[in-house]
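I opened this entry to look up a helix and two strand residues, and to note what their side chains reach.

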Amino acid sequence: MSRSNLRQVTADSVRNKRLVTFHDQDNALDTPDFSEIDEYDLAKNLISRQELLDKMILDLAAILEWEEFEVKIYVHLLRVGPMSASALAKEIAGDRTKVYRGISKLTNHGMVTTTFSNPKLCIPVNPKEAIQNILQRKENEIMRIKKDGIKIIEKINEFCPTINVSNFPTYHIVQGWQNIFSYVEKLIENASDVVYIVTTLKTISRMCHTSIPDKIKVCERNGCEVRLLTELDDPRLKLFVSRLKATNTKFVKLPSKGMVIVSKDKQLIISGQQTQEHFSINDKSDTALCTNSQDLVSNLFYLCTFLWQNSHTLKTSKVEEKNE
(Lines give C-alpha, C1' and ligand atoms only; values in the text may rest on other atoms or scores of the structure.)
Protein backbone atom coordinates (compact mmCIF):
# COMPACT_ATOMS: atom_id res chain seq x y z
CA MET A 1 0.00 0.00 0.00
CA SER A 2 1.40 3.40 -0.98
CA ARG A 3 2.04 6.09 1.63
CA SER A 4 -0.74 8.30 0.22
CA ASN A 5 -3.24 5.43 0.37
CA LEU A 6 -2.17 4.58 3.91
CA ARG A 7 -2.62 8.22 4.90
CA GLN A 8 -6.13 8.25 3.41
CA VAL A 9 -7.11 5.01 5.18
CA THR A 10 -5.86 6.40 8.49
CA ALA A 11 -7.82 9.61 8.00
CA ASP A 12 -10.98 7.74 7.05
CA SER A 13 -10.73 5.39 10.05
CA VAL A 14 -10.24 8.27 12.47
CA ARG A 15 -13.10 10.25 10.92
CA ASN A 16 -15.47 7.25 10.95
CA LYS A 17 -14.64 6.49 14.58
CA ARG A 18 -15.43 10.08 15.54
CA LEU A 19 -18.75 10.07 13.65
CA VAL A 20 -19.85 6.82 15.28
CA THR A 21 -19.02 8.18 18.71
CA PHE A 22 -20.96 11.40 18.05
CA HIS A 23 -24.10 9.82 16.59
CA ASP A 24 -24.26 6.69 18.74
CA GLN A 25 -23.22 7.43 22.31
CA ASP A 26 -24.55 4.11 23.63
CA ASN A 27 -22.31 2.04 21.34
CA ALA A 28 -19.21 4.21 21.73
CA LEU A 29 -16.34 2.56 23.59
CA ASP A 30 -14.48 5.72 24.48
CA THR A 31 -14.50 9.48 24.19
CA PRO A 32 -12.21 11.54 21.96
CA ASP A 33 -9.00 13.15 23.08
CA PHE A 34 -6.60 15.65 21.58
CA SER A 35 -4.39 12.77 20.40
CA GLU A 36 -7.20 11.58 18.12
CA ILE A 37 -7.61 15.05 16.64
CA ASP A 38 -3.83 15.24 16.14
CA GLU A 39 -3.83 11.88 14.33
CA TYR A 40 -6.60 13.09 12.04
CA ASP A 41 -4.81 16.38 11.29
CA LEU A 42 -1.52 14.56 10.67
CA ALA A 43 -3.17 12.05 8.34
CA LYS A 44 -4.89 14.85 6.40
CA ASN A 45 -1.64 16.84 6.16
CA LEU A 46 -3.22 19.62 8.22
CA ILE A 47 -0.27 19.56 10.62
CA SER A 48 3.39 18.54 10.27
CA ARG A 49 5.26 16.23 12.61
CA GLN A 50 7.32 19.18 13.88
CA GLU A 51 4.13 21.13 14.63
CA LEU A 52 2.76 18.04 16.37
CA LEU A 53 5.95 17.80 18.45
CA ASP A 54 5.71 21.49 19.38
CA LYS A 55 2.09 20.99 20.41
CA MET A 56 3.04 17.99 22.54
CA ILE A 57 5.67 20.12 24.31
CA LEU A 58 3.03 22.78 25.03
CA ASP A 59 0.62 20.15 26.36
CA LEU A 60 3.27 18.63 28.64
CA ALA A 61 4.26 22.10 29.87
CA ALA A 62 0.60 22.75 30.71
CA ILE A 63 0.30 19.46 32.63
CA LEU A 64 3.47 20.07 34.62
CA GLU A 65 2.84 23.83 34.98
CA TRP A 66 6.36 24.46 33.72
CA GLU A 67 7.99 26.76 31.19
CA GLU A 68 7.97 25.51 27.61
CA PHE A 69 11.78 25.75 27.38
CA GLU A 70 12.27 23.35 30.31
CA VAL A 71 10.03 20.75 28.72
CA LYS A 72 11.79 21.26 25.40
CA ILE A 73 15.07 20.25 27.05
CA TYR A 74 13.57 17.06 28.45
CA VAL A 75 11.88 16.07 25.17
CA HIS A 76 15.06 16.73 23.20
CA LEU A 77 17.03 14.46 25.53
CA LEU A 78 14.39 11.76 25.05
CA ARG A 79 14.75 12.03 21.28
CA VAL A 80 18.55 12.17 20.90
CA GLY A 81 19.82 10.50 24.09
CA PRO A 82 22.38 11.53 26.75
CA MET A 83 24.54 14.58 26.09
CA SER A 84 26.38 17.32 27.94
CA ALA A 85 24.68 20.58 28.88
CA SER A 86 26.95 22.59 26.56
CA ALA A 87 26.19 20.32 23.61
CA LEU A 88 22.48 20.50 24.43
CA ALA A 89 22.60 24.30 24.44
CA LYS A 90 24.14 24.30 20.95
CA GLU A 91 21.61 21.84 19.53
CA ILE A 92 18.52 23.65 20.76
CA ALA A 93 20.07 27.09 20.18
CA GLY A 94 19.47 28.11 23.76
CA ASP A 95 21.32 30.32 26.21
CA ARG A 96 23.80 28.16 28.11
CA THR A 97 22.91 29.66 31.50
CA LYS A 98 19.20 29.08 30.84
CA VAL A 99 19.90 25.49 29.76
CA TYR A 100 21.88 24.82 32.96
CA ARG A 101 19.02 26.20 35.06
CA GLY A 102 16.56 24.05 33.16
CA ILE A 103 18.63 20.90 33.66
CA SER A 104 18.98 21.72 37.37
CA LYS A 105 15.20 21.95 37.70
CA LEU A 106 14.66 18.74 35.73
CA THR A 107 17.18 16.97 37.93
CA ASN A 108 15.58 18.23 41.15
CA HIS A 109 12.19 16.97 39.98
CA GLY A 110 13.49 13.52 39.03
CA MET A 111 13.14 13.90 35.25
CA VAL A 112 16.85 13.95 34.42
CA THR A 113 19.90 12.27 35.98
CA THR A 114 23.60 13.02 35.38
CA THR A 115 26.71 10.87 35.09
CA PHE A 116 29.99 11.07 37.05
CA SER A 117 31.96 11.56 33.82
CA ASN A 118 33.67 14.75 32.70
CA PRO A 119 31.85 16.42 31.09
CA LYS A 120 28.67 15.27 32.78
CA LEU A 121 26.04 13.72 30.56
CA CYS A 122 22.36 14.46 31.08
CA ILE A 123 20.19 11.34 30.91
CA PRO A 124 16.38 11.62 30.63
CA VAL A 125 14.29 9.51 32.98
CA ASN A 126 11.58 7.29 31.50
CA PRO A 127 8.46 9.49 31.01
CA LYS A 128 6.20 7.25 33.09
CA GLU A 129 8.66 7.24 36.00
CA ALA A 130 9.23 11.00 35.61
CA ILE A 131 5.51 11.78 35.84
CA GLN A 132 5.18 9.49 38.87
CA ASN A 133 8.03 11.37 40.57
CA ILE A 134 6.30 14.70 40.01
CA LEU A 135 2.94 13.31 41.08
CA GLN A 136 4.43 12.05 44.34
CA ARG A 137 5.88 15.50 45.04
CA LYS A 138 2.48 17.10 44.40
CA GLU A 139 0.72 14.62 46.69
CA ASN A 140 3.24 15.33 49.45
CA GLU A 141 2.66 19.07 49.05
CA ILE A 142 -1.12 18.62 49.28
CA MET A 143 -0.80 16.52 52.43
CA ARG A 144 1.46 19.13 54.01
CA ILE A 145 -0.93 21.97 53.18
CA LYS A 146 -3.91 20.03 54.56
CA LYS A 147 -2.07 19.20 57.75
CA ASP A 148 -0.49 22.60 58.45
CA GLY A 149 -3.32 24.65 56.95
CA ILE A 150 -5.83 23.62 59.61
CA LYS A 151 -3.51 24.82 62.37
CA ILE A 152 -2.86 28.13 60.62
CA ILE A 153 -6.60 28.74 60.09
CA GLU A 154 -7.24 28.20 63.79
CA LYS A 155 -4.55 30.76 64.69
CA ILE A 156 -5.90 33.26 62.14
CA ASN A 157 -9.42 32.95 63.53
CA GLU A 158 -8.05 33.46 67.03
CA PHE A 159 -6.05 36.61 66.33
CA CYS A 160 -7.97 38.04 63.35
CA PRO A 161 -11.75 37.71 63.81
CA THR A 162 -13.42 37.85 60.40
CA ILE A 163 -15.80 40.71 59.65
CA ASN A 164 -18.97 39.74 57.78
CA VAL A 165 -18.75 41.40 54.35
CA SER A 166 -21.05 39.05 52.44
CA ASN A 167 -23.58 41.83 51.75
CA PHE A 168 -21.12 43.93 49.73
CA PRO A 169 -21.12 43.49 45.94
CA THR A 170 -17.52 42.82 44.91
CA TYR A 171 -15.47 41.96 41.85
CA HIS A 172 -11.93 40.86 41.11
CA ILE A 173 -9.85 40.11 38.03
CA VAL A 174 -8.44 36.60 37.67
CA GLN A 175 -5.40 36.13 35.46
CA GLY A 176 -4.36 32.94 33.68
CA TRP A 177 -6.55 30.04 32.54
CA GLN A 178 -5.48 27.77 35.37
CA ASN A 179 -6.83 30.27 37.90
CA ILE A 180 -9.90 31.05 35.79
CA PHE A 181 -10.90 27.39 35.55
CA SER A 182 -10.39 26.99 39.29
CA TYR A 183 -12.96 29.73 39.90
CA VAL A 184 -15.31 28.12 37.38
CA GLU A 185 -15.06 24.81 39.25
CA LYS A 186 -15.89 26.54 42.53
CA LEU A 187 -18.86 28.41 41.01
CA ILE A 188 -20.38 25.21 39.63
CA GLU A 189 -19.80 23.23 42.82
CA ASN A 190 -21.42 25.91 45.01
CA ALA A 191 -24.43 26.54 42.75
CA SER A 192 -27.92 26.25 44.20
CA ASP A 193 -29.96 26.60 41.00
CA VAL A 194 -29.40 26.83 37.24
CA VAL A 195 -25.87 27.45 35.89
CA TYR A 196 -25.26 28.66 32.33
CA ILE A 197 -22.00 27.95 30.51
CA VAL A 198 -21.80 29.99 27.31
CA THR A 199 -18.56 29.55 25.38
CA THR A 200 -16.88 28.15 22.28
CA LEU A 201 -16.13 24.51 21.47
CA LYS A 202 -12.43 25.31 21.79
CA THR A 203 -12.84 26.44 25.40
CA ILE A 204 -15.10 23.45 26.13
CA SER A 205 -12.37 21.10 24.87
CA ARG A 206 -9.98 22.66 27.41
CA MET A 207 -12.54 22.42 30.21
CA CYS A 208 -12.69 18.66 29.66
CA HIS A 209 -9.09 18.42 30.86
CA THR A 210 -9.93 20.03 34.20
CA SER A 211 -12.16 19.05 37.13
CA ILE A 212 -15.13 20.93 35.66
CA PRO A 213 -16.94 17.74 34.45
CA ASP A 214 -16.64 16.31 37.99
CA LYS A 215 -17.97 19.55 39.50
CA ILE A 216 -20.95 19.36 37.15
CA LYS A 217 -21.76 15.93 38.61
CA VAL A 218 -21.59 17.42 42.12
CA CYS A 219 -23.86 20.26 41.02
CA GLU A 220 -26.45 17.83 39.65
CA ARG A 221 -26.34 15.69 42.78
CA ASN A 222 -27.27 18.85 44.68
CA GLY A 223 -30.41 19.16 42.56
CA CYS A 224 -29.09 21.86 40.20
CA GLU A 225 -28.91 22.04 36.41
CA VAL A 226 -25.99 23.00 34.18
CA ARG A 227 -27.00 24.37 30.78
CA LEU A 228 -24.37 24.56 28.05
CA LEU A 229 -24.68 26.98 25.12
CA THR A 230 -22.12 26.76 22.34
CA GLU A 231 -21.62 27.24 18.61
CA LEU A 232 -20.88 24.52 16.04
CA ASP A 233 -17.84 26.22 14.55
CA ASP A 234 -15.28 23.38 14.60
CA PRO A 235 -16.52 19.86 13.71
CA ARG A 236 -13.36 18.30 15.19
CA LEU A 237 -14.34 19.45 18.68
CA LYS A 238 -18.04 18.45 18.71
CA LEU A 239 -17.43 15.37 20.80
CA PHE A 240 -16.03 17.34 23.71
CA VAL A 241 -19.58 18.58 24.28
CA SER A 242 -20.64 15.14 25.48
CA ARG A 243 -17.45 14.76 27.51
CA LEU A 244 -18.23 17.92 29.49
CA LYS A 245 -21.45 16.17 30.64
CA ALA A 246 -23.66 19.21 31.05
CA THR A 247 -27.26 18.51 32.08
CA ASN A 248 -28.48 19.80 28.73
CA THR A 249 -26.85 21.39 25.70
CA LYS A 250 -28.07 23.73 22.99
CA PHE A 251 -26.44 25.29 19.95
CA VAL A 252 -26.67 29.00 19.20
CA LYS A 253 -24.82 31.73 17.31
CA LEU A 254 -22.55 33.12 20.01
CA PRO A 255 -22.35 36.91 20.34
CA SER A 256 -18.58 36.66 20.97
CA LYS A 257 -15.69 34.20 21.30
CA GLY A 258 -15.42 34.83 25.01
CA MET A 259 -16.88 32.91 27.96
CA VAL A 260 -19.83 33.59 30.27
CA ILE A 261 -20.58 31.37 33.25
CA VAL A 262 -23.34 32.54 35.55
CA SER A 263 -25.00 30.93 38.56
CA LYS A 264 -28.52 32.19 39.26
CA ASP A 265 -28.61 34.81 42.05
CA LYS A 266 -25.00 34.02 42.98
CA GLN A 267 -21.97 34.69 40.82
CA LEU A 268 -20.75 35.59 37.35
CA ILE A 269 -17.50 34.82 35.53
CA ILE A 270 -16.92 36.48 32.18
CA SER A 271 -13.86 36.59 29.95
CA GLY A 272 -12.97 37.89 26.50
CA GLN A 273 -11.63 36.07 23.48
CA GLN A 274 -8.41 34.10 23.94
CA THR A 275 -5.46 36.28 22.99
CA GLN A 276 -3.11 33.40 22.15
CA GLU A 277 -3.54 31.14 19.13
CA HIS A 278 -2.05 28.16 20.97
CA PHE A 279 -3.79 27.52 24.27
CA SER A 280 -1.69 26.94 27.38
CA ILE A 281 -3.07 26.40 30.88
CA ASN A 282 -0.04 28.34 32.14
CA ASP A 283 -0.67 31.36 29.93
CA LYS A 284 -1.15 34.52 32.04
CA SER A 285 -2.25 36.90 29.29
CA ASP A 286 -5.97 36.02 29.44
CA THR A 287 -8.14 37.40 32.21
CA ALA A 288 -11.67 37.01 33.56
CA LEU A 289 -13.97 39.13 35.70
CA CYS A 290 -15.54 37.44 38.74
CA THR A 291 -18.34 39.23 40.58
CA ASN A 292 -21.29 38.66 42.91
CA SER A 293 -23.00 41.92 41.90
CA GLN A 294 -26.71 41.08 41.73
CA ASP A 295 -27.30 43.58 38.93
CA LEU A 296 -24.64 42.03 36.70
CA VAL A 297 -25.54 38.47 37.67
CA SER A 298 -29.26 39.04 36.99
CA ASN A 299 -28.67 40.80 33.67
CA LEU A 300 -26.32 38.13 32.31
CA PHE A 301 -28.54 35.33 33.60
CA TYR A 302 -31.51 36.91 31.81
CA LEU A 303 -29.47 37.18 28.58
CA CYS A 304 -28.41 33.52 28.82
CA THR A 305 -32.02 32.49 29.43
CA PHE A 306 -33.08 34.40 26.31
CA LEU A 307 -30.37 32.68 24.24
CA TRP A 308 -31.40 29.33 25.69
CA GLN A 309 -35.03 29.80 24.68
CA ASN A 310 -34.01 30.69 21.11
CA SER A 311 -31.49 27.96 20.43
CA HIS A 312 -31.44 24.38 19.12
CA THR A 313 -31.23 21.37 21.42
CA LEU A 314 -28.43 18.86 20.98
CA LYS A 315 -29.85 15.37 20.51
CA THR A 316 -27.22 13.74 22.70
CA SER A 317 -27.96 15.90 25.75
CA LYS A 318 -28.81 14.17 29.03
CA VAL A 319 -32.36 15.50 29.18
CA GLU A 320 -33.36 14.08 25.80
CA GLU A 321 -31.60 10.79 26.52
CA LYS A 322 -33.79 10.41 29.62
CA ASN A 323 -36.93 11.27 27.66
CA GLU A 324 -36.11 8.69 25.03
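I began at the N-terminal end of α7, where Asn126 acts as the cap, with a side-chain oxygen 2.9 Å from the backbone nitrogen of Lys128. I keep in mind throughout that this is a predicted model.

Next I followed the helix itself: α7 covers residues 127-159, which is 33 residues, and from its first C-alpha to its last it reaches 47 Å, close to the 48 Å expected at 1.5 Å a residue. I also looked for a bend along α7 and found a kink of about 30 degrees, with Gly149 at its centre.

I then turned to Thr291, which I located in strand β9, residues 287-291. Is Thr291 buried or exposed? Its relative accessibility is 3%, and because the cut-off for buried is under 20%, I entered Thr291 as buried. For its polar partner I noted the backbone oxygen of Thr170, which the side chain of Thr291 reaches at 2.7 Å. Setting aside neighbours within four places in sequence, I listed the residues in contact with Thr291 as Thr170, Tyr171, Lys266, Gln267, Leu268, Leu296 and Val297. Thr170 thus appears in my notes on Thr291 both as a contact and as the residue whose backbone oxygen the side chain reaches.

My last stop was Lys250, which sits in strand β6, residues 248-251. I recorded a relative accessibility of 13% for Lys250, so this lysine counts as buried too. Which backbone oxygen does the side chain of Lys250 reach? I found that of Trp308, at 3.1 Å.

Notes: Residues are numbered from 1 along each chain as its sequence is written. This is a predicted model: local features need pLDDT of at least 70, side-chain atom pairs count only at pLDDT 80 or more; totals for chains, interfaces and linings use all residues. Side-chain values use heavy atoms; hydrogens and water are left out. Helices (H or I, at least four residues) and strands (E, at least two) are DSSP runs, numbered from the N terminus. The expected span of a helix is 1.5 Å times one less than its number of residues. The bend at a residue is the angle between axes fitted to the seven residues ending there and the seven starting there. A polar contact is a pair of N or O atoms within 3.5 Å; within protein, one must be able to donate a hydrogen and the other to accept it, and residues adjacent in sequence count only if both atoms are side-chain atoms. Buried means under 20% relative accessible area, exposed over 50%, partly exposed in between (1.4 Å probe, protein chains only). Contact means heavy atoms within 4.5 Å.
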